[in-house]
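These are my notebook entries on a structure I went through on screen. I kept to what I looked up, one topic at a time.

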Amino acid sequence: MQVLEVLRPLPSAENWTLEGLNTYASVADALKTEQCNDSVHVFYPKKLAEMAARFLAGFRGTNLYAVKANPHPAILKSLWQAGVRDFDVASLREVELVSKTLPGANLYFMHPVKSRQAIRHAYAMGVRGFSFDTLDELIKIEEETSGAADLKLFLRLGVAVQGAAYELSGKFGAPLDLAPLILRRARLSAQRLGVCFHVGSQCMRPDAFADAIAQAAGVLKSSGVTLDLIDVGGGFPVAYPGMEPPALEEYFRVIHAALDANGFNDTETLCEPGRALVAEAGAVAARIELRKGADLYLNDGTYGALFDAGVPEWPFPLDLVAGDERALSNDVIGYRAYGPTCDSCDKMAGPFPLPADAREGDWVLFEHLGAYGLTMQARFNGFYSETLVAVC
Ligand code: PLP
């Protein structure tokens, strides 16, 4: 077989469409038919539609999908088909990708630190929502949009809350004692003025959102300005092994109650879910290339889609798909895994509970990796995969 037959060509954004995806009845069918040399990304369209419906029906404001969680055009188009019209973008590339894939989408540039070119081009491409957490960034936005009168400006607050498995408060967010001053200044240039925050990813406590909303109310009171928008960010969780959060609807209930209790009844509300919208709609199948005792050498790793399995040692629901027709053993052992690159830190401690007879050619299926999987891939050592198949 020619090497070019086993290395998949890099698809361009235009032909990454749902219509272009090969669709299978099961992951095993997909792996058998695709005969892929790289790991395989799996997309469960029904699950995505179900999660989008839960957010659209349950959250009382606008749902901005955090594109960073999974920017694949098939995901973007499926969300659009499910009714999602608003997108949180972090970079100019994401602005371009979403604008090109979904020309009618409303984009919000919610990264609090942007380059001047990114602001300028994004505004020219129709973006009106921008976040910032300093006066300097606010001034950058004003200058690069030539003092535009149609901006939705969101001050990102550095709220202090507990309960997230992935802290996101260390890097961004205006200190709460400085926020009133920045808000007063922003009121002068914003057509619609908002605050936003992020309670941290995989937030296990609905009350963390209520705490953050109360802190936002405190800032607003000290500032004396009127607020048009409150964006409660992302952070909605997913059930992973050992992490069983309350139902999504409980988060909505707590958030709505906190908004009402803090005087935000009439304030336009937004949220920015990434993980909870797409995680369960995807999986990654990584092939075992070699087994050494309880160590599995896989064709994907921490420089690829399995960053979260290796670096923060995130637990994923697992399955093993036999590479041949054999019935797998019912005995389970805990494995350690290594990714395909030369780097010693390309390892995943696990332990990954899998059948005791796992062997070369079998595929380890990491479920709930529709978020922060495909998007985390580097191309180190030439290992990456852009093979996405749909399983219905
Ligand atoms: N919004 C912003 C500004 C973020 O930085 C992130 C994640 O980093 C998200 C939304 C999505 O968060 P999550 O995937 O936890 O819902």
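Entry 1, the domain boundary. I looked up the polar contacts between domain 1 and domain 2 in this predicted model, and found 9 residue pairs in polar contact, both residues at pLDDT 80 or more. On the side of domain 1 that touches domain 2, I noted that α12 (307-310) and β19 (388-391) each supply at least two residues, and that the largest share, 3 residues, comes from β19. Sorting that side of domain 1 by class, I got 19 nonpolar, 5 polar and 2 charged residues. When I turned to salt bridges between domain 1 and domain 2, the count was 0.

For the extent of the boundary, I wrote down that 26 residues of domain 1 are in contact with 27 residues of domain 2, and that the area buried between the two domains is about 2,300 Å², of which carbon and sulfur atoms give 67%. The division I worked with puts 6-44 + 281-391 in domain 1 and 45-278 in domain 2, and the C-alpha centres of the two domains lie 31 Å apart.

Entry 2, Arg326. I found Arg326 in the loop between β15 (318-321) and β16 (332-338). Is Arg326 buried or exposed? Its relative accessibility is 19%, and because the cut-off for buried is under 20%, I entered Arg326 as buried. I then followed the side chain of Arg326, which makes a polar contact with the side chain of Asp362 at 2.5 Å and also has a polar atom 2.9 Å from the backbone oxygen of Asp357. Leaving aside neighbours within four places in sequence, I listed Asp357, Ala358, Arg359 and Asp362 as the residues in contact with Arg326.

Entry 3, backbone geometry. Which residues does a cis peptide bond join? I found Gly350 and Pro351 joined in this way, with omega at about -5°, and I placed Pro351 in strand β17 (residues 347-355).

I also looked up positive phi values. Glu313, although not a glycine, has a phi of about 50°; Glu313 sits in the loop between α12 and β15 and is partly exposed, with a relative accessible area of 47%. Tyr372, likewise not a glycine, has a positive phi of about 55° and lies in the loop between β18 (363-367) and β19. I entered Tyr372 as buried, because its relative accessibility is 17%.

Methods: Residues numbered from 1 in each chain as written. Predicted model: local features only at pLDDT ≥ 70, side-chain atom pairs only at ≥ 80, totals over all residues. Heavy atoms only, no water. Helix = DSSP H or I, 4+ residues; strand = E, 2+ residues; numbered from the N terminus. Buried < 20%, exposed > 50% of the residue type's maximum accessible area, 1.4 Å probe, protein only. Polar contact = N/O pair within 3.5 Å; in protein donor to acceptor, adjacent residues only side chain to side chain. Contact = heavy atoms within 4.5 Å. Domains from an automatic or database assignment. Buried area = accessible area lost by both parts, 1.4 Å probe. Salt bridge = Lys/Arg side-chain N within 4 Å of Asp/Glu carboxyl O. Nonpolar A, V, L, I, M, F, W, Y, C, P; charged D, E, K, R; others polar.
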